[in-house]
Amino acid sequence: MPKSVLAGLDRILTMELARVTERAAVAAARLRGRGDEKAADQVAVDAMRQELNRLAIRGTVVIGEGERDEAPMLYIGEKVGTGEGPAVDIALDPLEGTTICAKNLPNSLAVIAIAEKGSLLYAPDVYMDKIAVGPGYPEGIINLDLSPAENIAAVAKAKGVPVNEITACILDRPRHEALIDAVRETGAAIRLIGDGDVAGVIHTTDPDETGIDIYLGTGGAPEGVLAAAALRCTGGQMQGRLLLDSQEKIDRAATMGISDPNKIYTVNEMAKGDVLFAATGVTDGNMLAGVKFSKDSIRTHTLVLRSYSRTVREIIARHQDLDKF
């Protein structure tokens with residue numbers, strides 16, 4: 001295997017990339033349960049941007065907080081880093097699950113992915129139809145063109161369990177009413193989540209820990225790219241299809257290089273090359289503990305992944321210099 005252009009970013013994998021999401025998570029956690037989504041999101045954005053600009057990279061945000069006129073910081077196309085080092089694409093969500101954080105509910109995260117320049121899908125801010133499973137399954141086991149029953153049956157067969165021992169994760173939305181009915185008709189269980197479909201997809205990577213075997217349904221396309229980055233690092237599978245249901249959306253996607261509005265993207269097409277991924281818990285969740293504040297320290301729980309080596313690291317850090325946060 002040729003040496004990756006990102007080989008020089010090993011320290012980012014182990015320390016600095018984790019620091020980026022830790023800073024954002026701690027900032028947001030200070031406002032969790034306060035009911036102010038915008039304020040929590042803004043402090044997370046500010047903290048993540050500050051930390052990104054300390055990294056020795058020439059980074060371009062390709063999945064961010066929105067277009068430049070919508071987001072003053074971490075907008076799509078923004079340049080971050082010191083301007084030295086490798087050119088990389090960045091997908092990020094400083095506070096995934098803003099409503100979750102505002103209500104102090106489970107599975108709010110600070111999330112980022114870094115990849116070789118040109119490796120991440122430039123996804124417009126539209127819905128994406130998604131299906132995902134974790135590692136260990138035969139290639140092609142899931143397919144967006146198959147019914148929920150067919151996909152769930154395939155996963156159950158490959159796992160060697162009856163369908164009623166499979167659990168699907170689905171966003172709890174009115175648009176998913178028919179999907180929820182179809183899954184329940186199979187006998188499979190459903191874990192409904194209010195927000196946070198990046199976390200929902202990531203949960204398929206470790207079903208023994210999370211109880212989630214498959215993710216189904218529509219959610220944000222930018223979040224789909226972030227989730228794909230995580231699955232690329234673990235060997236999971238995912239498919240996504242942009243829901244471009246108006247000419248305006250089709251035209252906007254075309255400006256981002258998307259010529260086929262009906263294309264089904266695989267995980268390798270949404271996040272190719274060498275990918276680094278990090279997520280820090282803001283609130284307690286199925287995989288990551290939320291930020292814990294005490295008198296003398298702050299504790300964070302971070303997942304750091306790398307596709308090149310399929311390395312999965314969990315970092316539980318105790319930060320004792322409170323002035324740094």
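Select Asp213 to begin: in this predicted model its relative accessibility is 3%, so Asp213 counts as buried. Keep Asp213 on screen and add Lys159, since the two form a salt bridge in which the closest N and O atoms are 2.5 Å apart. Asp213 sits in the loop between α7 (207-210) and β8, while Lys159 belongs to helix α4, so this pair ties together parts that are 54 residues apart in sequence. Lys159, with a relative accessibility of 34%, counts as partly exposed, whereas Asp213 is buried.

From Lys159, extend the selection to the whole of helix α4, residues 148-159. At 1.5 Å a residue, its twelve residues should span 16 Å, and a distance drawn between the C-alpha atoms at its ends comes to 16 Å, which agrees. Now colour Asn151, Ile152, Val155 and Ala156, which are the buried residues of α4. If you turn the view to look down the axis of α4, these buried residues fall within an arc of 130°, so they line one face of the helix. To see what lies over them, show β5 (127-133), α5 (177-186) and β8 (214-220), which are included in what covers the buried residues of α4. Before leaving this helix, step just past its end to Gly160, which takes a positive phi of about 80°.

The next stop is another salt bridge, one of twelve that the structure holds. Select Arg173 and Asp195, whose closest N and O atoms are 2.9 Å apart. This pair links distant parts of the chain, for Arg173 is in the loop between β6 (167-171) and α5, and Asp195 is in the loop between β7 (189-193) and α6 (197-202), 22 residues away. Arg173 has a relative accessibility of 23% and counts as partly exposed; Asp195, at 26%, also counts as partly exposed.

Then select Arg19, Arg23, Glu51 and Arg54 together, because salt bridges that share partners join these residues into one network. Within this group, look at Arg54 and Glu51, whose side chains meet in a salt bridge with an N to O distance of 3.2 Å. Glu51 is buried, with a relative accessible area of 7%, while Arg54 counts as partly exposed at 48% relative accessibility.

For the last part of the tour, select Asp93, Glu96 and Glu223, which an unreviewed UniProt entry lists under "binding site". These residues span 131 residues in sequence, yet no two of their C-alpha atoms are more than 8.6 Å apart, so they gather at one spot. The lining of the largest pocket also takes in Asp93, Glu96 and Glu223.

Centre the view on Asp93, which has its place in strand β3, residues 87-96, and which counts as buried at 11% relative accessibility. Setting aside residues up to four places away in sequence, Asp93 touches Glu65, Leu109, Ala110, Val111, Glu223 and Leu226, so that showing these side chains will bring Glu223 of the "binding site" set back into view.

Finish by moving along to Glu96, which also lies in strand β3 and counts as buried, at 3% relative accessibility. With its neighbours within four places in sequence left aside, Glu96 is in contact with Asn107, Ser108, Leu109 and Val111, and also with Gly196, Asp197, Val198 and Ala199.

Methods
Residues numbered from 1 in each chain as written. Predicted model: local features only at pLDDT ≥ 70, side-chain atom pairs only at ≥ 80, totals over all residues. Heavy atoms only, no water. Helix = DSSP H or I, 4+ residues; strand = E, 2+ residues; numbered from the N terminus. Expected span 1.5 Å × (residues − 1). Buried < 20%, exposed > 50% of the residue type's maximum accessible area, 1.4 Å probe, protein only. Arc of directions from axis to C-beta. Contact = heavy atoms within 4.5 Å. Salt bridge = Lys/Arg side-chain N within 4 Å of Asp/Glu carboxyl O. UniProt positions renumbered as here; feature names shortened; annotations may be inferred. 1 Å grid on protein atoms, 1.4 Å probe; cavity = no way out; pocket = protein on both sides within 12 Å on 5 of 7 lines; lining within 4 Å.
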